[in-house]
Amino acid sequence: MTGRKWSIAGQLFALQVVVVTLLVAAATLGVALVARSDARDAAREEVLAVAETVARSPEVAAALRTPDPSATLQPYAESIRVATSTDFVVVMAPDRTRHSHTDPTQIGRPFIGTIEPALAGQPFTVVNTGTLGESVRAVVPVRDTGGAVIGLVSVGITTEAINRELLEKSPVLVAATIAALALAGAGSWLLSRRLRRQTHGLGPAQITRMYEYYDAVLHSVGEGLVVIGPDRRIALINDEGRRLLGLPADAPLVDQPVTEADLPAALTELITSGQAARDELILTADRALVANLRPTGADSRALGTVLTLRDHTDLRALTSELDSVRGLTDALRSQAHEAANRLHTVLTLVELGRTEEAVRLATEELALAQQLTDQVVGAIAEPALAALLLGKSAQAAERGVELTVDPTSRLDVGTLPAGELLTVVGNLVDNALEAVAAGEPPRRVRVYVTETVGEVLVEVTDSGSGLPPDRVADAFRRGWSTKASGRGIGLALVAQVLARRGGRHEVAAGPEGGTVFRVRLPVGVEQPT
């Protein structure tokens, strides 16, 4: 069983304690060495000043010329030593013979140490070992009135005395060191505690593994994922999210405000609303996306919102086709019911012997249906669009609306992708049928489709109540509908096709009231993949 691994906060705390301890120890050692050096420098200056003062004293020069210099110089030197707190004051002859010393037994014996520079007339300081041990000493020449060197004065402080003085000051240094360690330790502990809270007590290996797993999931998940921070800035977006939103892979989106990112207007509005959303349809230039927006947080703290995106483009296309098929099925069911009634009527007329009336009734209906079929198929060579218009005419007839296809319409096969034609024409016709269905008779819808120079023109005219000019822009926005229960997606899908192909739309008043929707789709535009 392995022990519990240290968290990154614990490791950082231990490292900081070691580093701070080493730094404080090094600093303390440095301060001690500097203090020792300063103490020696101060001792050099002190002994040199005392020695020069004694050497310049007339009493010393006079005593050196007497037969017994020690009688005068010994008490004088001792008084100077006591007064200056030095360790020795030695007055000697040029031949090193001592005339004074802290230890009277050393008087008359030779001085131990360097004196040559002083004999040459130059005062100096040096560290030498003598009868009292190692000391910092100064040697200064004593001159007569003619300037000749008649003696030497040496004043010194032992190294032991210097070190003792430093030790007396060491409690201050130790206290400062302990205070520095305590302060640094407390700061490291507080930093470690904050880091532990932010990393949830995880260790480096756990954080690395978590990052690798999360990164792998974000790049492999099949849904688009966008994380928005509390400040409405993009905190994260995965590869699928960039693809679905049509954003370049190298676009700098992270930490960018949502309002400044190149996002669809509907998606920006959804995010900035601050409201949660479930299965909200978002239309981009070439896709139909389903968005879910949920706030997220941890430990009662709001962390922002998470947006997930799913591509429903193909599903929406299939749904649209299914709606068309369902509408055609309902229309065919109604026509079958009507045909059965007419067939029964024809059979009854035949049984009654009224054959001519039966033939006339049957051929009138057949001629009308065949005329409409010939008209549509003759004008529209694209089979999918022709079938759509025939189905819409059946739906229109069932709802009491007269749907006609302009006889001058012309469209060859393959001019535009069939799916885009069905989306544009189907939604425009559905919108026109809704506009006239609730109005007063006559209810008419006219469809005109033709290919002009470099584009396909689709024109749908209805006899409804008309569309106010200030509502034209809203009509092609998702969510707008004239019906209370409408989803407002039909014309938005048309706008999506126009944006994808670089087309345009026009809305005008009809010649007999109502509205004319005119859409121009460029031919030969390369579709995005």
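Q: What makes strand 3 and strand 4 (residues 149–158) count as paired?
A: In this predicted model, nine bridges join strand 3 to strand 4, and the two run antiparallel. Pairing requires at least two bridges, so strand 3 and strand 4 count as paired. One such bridge links Val-142 to Gly-151 in strand 4.

Q: Which residue takes a positive phi in the hairpin of strand 3 and strand 4?
A: The residue is Gly-147, with a phi near 95 degrees. Five residues stand between the strands of this hairpin.

Q: How do you know that strand 2 (residues 124–130) also pairs with strand 3?
A: Seven bridges link strand 2 and strand 3 in the antiparallel sense. The requirement is at least two bridges, so this too is a pair. Val-127 stands opposite Val-136 in strand 3, and a hairpin of two residues joins strand 2 to strand 3.

Q: Why is strand 3 (residues 133–143) called mostly covered?
A: Eight of the 11 residues of strand 3 are buried. Buried here means under 20% relative accessible area.

Q: What is the strand order of the open sheet of five strands?
A: The order is 10-11-12-14-13, and the pairing is mixed. The twist averages 15 degrees from one strand to the next.

Q: Why are strand 10 and strand 13 said to stand at the edges?
A: Strand 10 and strand 13 each have a single partner strand, so one side of each is left without a neighbour in the sheet.

Q: What makes strand 11 and strand 12 a pair?
A: Eight bridges in the antiparallel sense connect strand 11 and strand 12. Since at least two bridges are required, the two strands pair. Thr-450 has Leu-457 in strand 12 as its bridge partner.

Q: Which strands does helix 12 touch as it packs on the sheet?
A: Helix 12 touches strand 10, strand 11, strand 12 and strand 14 (515–522). The direction of helix 12 makes about 10 degrees with that of strand 12. Helix 11 (residues 383–398), for its part, lies across strand 10 and strand 11 and runs at about 160 degrees to strand 10.

Q: What makes the reach of helix 11 close to the expected one?
A: Helix 11 has 16 residues and spans 23 Å from its first C-alpha to its last. The expected value at 1.5 Å a residue is 22 Å, and the span is close to it. Buried residues of helix 11 include Leu-385, Leu-388, Leu-389 and Lys-392. Just after helix 11, Gly-400 takes a positive phi of about 80 degrees.

Q: Why is the contact of Glu-78 and Arg-81 called a salt bridge?
A: The N to O distance between the side chains of Glu-78 and Arg-81 is 2.9 Å. The limit is 4 Å, so the pair qualifies. Glu-78 and Arg-81 are three residues apart in helix 3 (residues 69–84), which separates them by about one helical turn. By the same rule, the count comes to 16 salt bridges.

Q: Are Glu-78 and Arg-81 buried or exposed, and what values decide this?
A: Glu-78 has 17% relative accessibility and Arg-81 has 19%. Buried means under 20%, so Glu-78 and Arg-81 both count as buried.

Q: How do you know that Glu-402 and Arg-444 form a salt bridge?
A: The distance from N to O is 3.8 Å, which is within the 4 Å limit, so this is a salt bridge. Glu-402 lies in strand 10 (residues 402–405) and Arg-444 in strand 11 (residues 444–452), so the pair ties together parts 42 residues apart in sequence.

Q: Why is Glu-402 called partly exposed?
A: Glu-402 has 44% relative accessibility. Partly exposed lies between the 20% and 50% limits, so the term applies to Glu-402.

Q: What makes Arg-504 and Glu-455 a salt bridge?
A: The closest N and O atoms of Arg-504 and Glu-455 are 3.7 Å apart, so the pair is within the 4 Å limit. Arg-504 lies in strand 13 (residues 504–509) and Glu-455 in strand 12 (residues 455–462), so the bridge ties together parts 49 residues apart in sequence. Arg-504 is partly exposed at 45% relative accessibility, whereas Glu-455 is buried at 14%.

Q: Which residues are linked in a network of salt bridges?
A: The network links Asp-406, Arg-446, Glu-455, Glu-459, Arg-504, Glu-506, Arg-518 and Arg-520. Asp-406 lies in the loop between strand 10 and helix 12 (418–437). Asp-406 has 15% relative accessibility and counts as buried.

Terms used
Residues numbered from 1 in each chain as written. Predicted model: local features only at pLDDT ≥ 70, side-chain atom pairs only at ≥ 80, totals over all residues. Heavy atoms only, no water. Helix = DSSP H or I, 4+ residues; strand = E, 2+ residues; numbered from the N terminus. Buried < 20%, exposed > 50% of the residue type's maximum accessible area, 1.4 Å probe, protein only. Axes fitted to C-alpha atoms, helices over the stretch in contact; angles between N-to-C directions. Contact = heavy atoms within 4.5 Å. Expected span 1.5 Å × (residues − 1).
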